[in-house]
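Got your viewer open? Let's walk through this one, a selection at a time.

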Amino acid sequence: DHSAMPPKKKAAAKKGKAAAKPAYLTDEEHCAPFGLFANDIVTTPLGISCTVLGVKYAGSVEDRENARVWVRYPNGREAPIENPQEYVFGDGYVRGSGNEMLRREAARVAEEARRILAAKIKADREAAAKEAAIKAEEAAKEAKKKAKAEAKRLKEEAEAAAEAEAAAAGG
């Protein structure tokens, strides 16, 4: 019966860990051997346009044989690709032109501007709603004051009428 076994303990996190290696090395010395650089657009042999993230090494940075270029596919997935310099099938990996880079950057800037504008519109609407709520509250207070004053006036009028009636009956 395995139910008597105590639960396994998780390995304790090591203290004083060395700083984590950067996810992707993007400087020229690492990227140049592949002919692709960080943020380049590269079209795969299947015709998919990807964004180059940089280079990762399987072992140490000196282990150039096990270096791989990593890309981000349009669906957000990140993966290594074959060495573009050695890939010979079809058209291979084709580095995008400067125009493609500019179009992508323009689209990114336009999307960022759209996001900022949407946030501003939302903030403006919230401010207007808050202002309207404050005005409605002030109007309600004013209406309550008027209603109280009207009630007081009617009460005084009724008392005066009752006094006048009593005086007329007694007189």
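Start by selecting Y24. This is a predicted model, and in it Y24 is buried, because its relative accessible area is 18%, under the 20% cut-off.

Now add W70 to the selection. The structure holds one aromatic pair, and you're looking at it: Y24 and W70 sit 6.0 Å apart, centre to centre, in a tilted arrangement with 50° between the planes. The two rings come from distant parts of the chain, 46 residues apart, with Y24 in the segment before α1 (28–31) and W70 in strand β3.

Keep W70 on screen and bring up K56. Its charged end sits over the W70 ring, 4.4 Å from the ring's centre.

Next stop, the core. Nonpolar side chains tend to be buried together in soluble globular proteins. Here the largest nonpolar core has 16 residues, and the ones to pick for the most contacts inside it are V42, V55, V69, V71 and I81. Colour β2 (49–57), β3 (67–72) and β4 (78–81) to see the elements that each give two or more residues to this core. β2 provides the largest share, four residues.

Zoom in on I81. Setting aside neighbours within four places in sequence, I81 is in contact with L36, R68, V69, V71, Y73 and Y93.

Last, select S49 in strand β2. Is S49 buried or partly exposed? It's partly exposed, with a relative accessible area of 38%. Not counting residues up to four places away in sequence, S49 touches I41, V42, T43 and P74. Finish by drawing a distance from the C-alpha of S49 to that of R72: you should get 9.1 Å, for residues 23 apart along the chain.

Notes:
Residues are numbered from 1 along each chain as its sequence is written. This is a predicted model: local features need pLDDT of at least 70, side-chain atom pairs count only at pLDDT 80 or more; totals for chains, interfaces and linings use all residues. Side-chain values use heavy atoms; hydrogens and water are left out. A nonpolar core is a set of buried Ala, Val, Leu, Ile, Met, Phe, Trp, Tyr and Cys residues joined through side-chain atoms within 4.5 Å. Buried means under 20% relative accessible area, exposed over 50%, partly exposed in between (1.4 Å probe, protein chains only). Contact means heavy atoms within 4.5 Å. Rings of Phe, Tyr and Trp (its six-membered ring) pair if their centres lie within 6.5 Å; planes under 30 degrees apart count as stacked, over 60 as edge-to-face and the rest as tilted. A charge sits over a ring if NZ of Lys or CZ of Arg is within 6 Å of the ring centre and within 35 degrees of the ring normal.
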